[in-house]
Amino acid sequence: MATKKAAKKSTRKYSSSAGKQVKTEVHEMKRGTLKSGRSGKKVKNRKQAIAIGLSEARKKGAKVPKKKS
């Protein structure tokens, strides 16, 4: 019996534009210019800077997985 080969699915979770957005947000955090949403406090945590970058990428329509809730 012949088996059908499945179409090759893209295994990339994040688009390159999403990576660039995260990179810019982390650089802003290092410079001390990145501020969080409502409170406007400076972001000091690297993970928080990455989360902000991914959120901005989602708003722009880049390929980013859905937020875990």
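In this predicted model, lysine 41 is in contact with Leu34, Lys35 and Ser36 once its neighbours within four places in sequence are left aside. The residue is found in the loop that lies between helices α1 and α2, and lysine 41 counts as exposed because its relative accessibility is 59%, where the cut-off for this class is over 50%.

A contrasting case is offered by serine 15, whose place is in the segment before α1. With a relative accessibility of 17%, serine 15 counts as buried, since the term buried applies to residues under 20%. When residues up to four places away in sequence are not counted, serine 15 touches Ala62 and Lys63. Glycine 19, in turn, lies in helix α1 itself and is partly exposed, its relative accessible area being 41%. Although glycine 19 and leucine 54 stand 35 residues apart along the chain, their C-alpha atoms are separated by 8.2 Å.

The arrangement of the two helices was examined next. The protein chain holds 2 helices and 0 strands, with α1 covering residues 16–31 and α2 covering residues 46–60. The axes of these helices come within 8 Å and cross at roughly 140 degrees, and α1 is therefore oblique to α2. The boundary that matters for this assignment is 145 degrees, because angles over that value count as roughly antiparallel. In terms of handedness, α1 passes α2 in a right-handed crossing.

On the α1 side, the residues that meet the other helix are Ala18, Gln21, Val22, Glu25, Val26 and Met29, while α2 contributes Arg46, Ala49, Ile50, Ile52, Gly53, Leu54, Glu56, Ala57 and Lys60. By chemical character, the residues of this contact of α1 with α2 divide into 9 nonpolar, 2 polar and 4 charged. Leucine 54, already named for its C-alpha separation from glycine 19, is thus met again among the α2 residues in contact with α1.

Values for the whole protein chain complete the description. Of the 69 residues in the protein chain, 25% are buried, and serine 15 is one of the residues that count as such. The protein chain exposes about 6300 Å², of which carbon and sulfur atoms supply 53%. Finally, when contacts between residues at least 6 apart in sequence are considered, 51% of them join residues that are at least 24 apart.

How values were computed: Residues are numbered from 1 along each chain as its sequence is written. This is a predicted model: local features need pLDDT of at least 70, side-chain atom pairs count only at pLDDT 80 or more; totals for chains, interfaces and linings use all residues. Side-chain values use heavy atoms; hydrogens and water are left out. Axes are lines fitted to C-alpha atoms, for helices over the stretch in contact, and angles run from 0 to 180 degrees between N-to-C directions. Helices (H or I, at least four residues) and strands (E, at least two) are DSSP runs, numbered from the N terminus. Angles under 35 degrees count as roughly parallel, over 145 as roughly antiparallel, 65 to 115 as roughly perpendicular and the rest as oblique. A crossing is left-handed if the near helix is turned anticlockwise from the far one by less than a right angle, and right-handed if clockwise. Contact means heavy atoms within 4.5 Å. Ala, Val, Leu, Ile, Met, Phe, Trp, Tyr, Cys and Pro count as nonpolar, Asp, Glu, Lys and Arg as charged, and the others, Gly among them, as polar. Buried means under 20% relative accessible area, exposed over 50%, partly exposed in between (1.4 Å probe, protein chains only). Accessible areas come from the Shrake-Rupley method with a 1.4 Å probe; for residues, only the protein chains shown count as cover.
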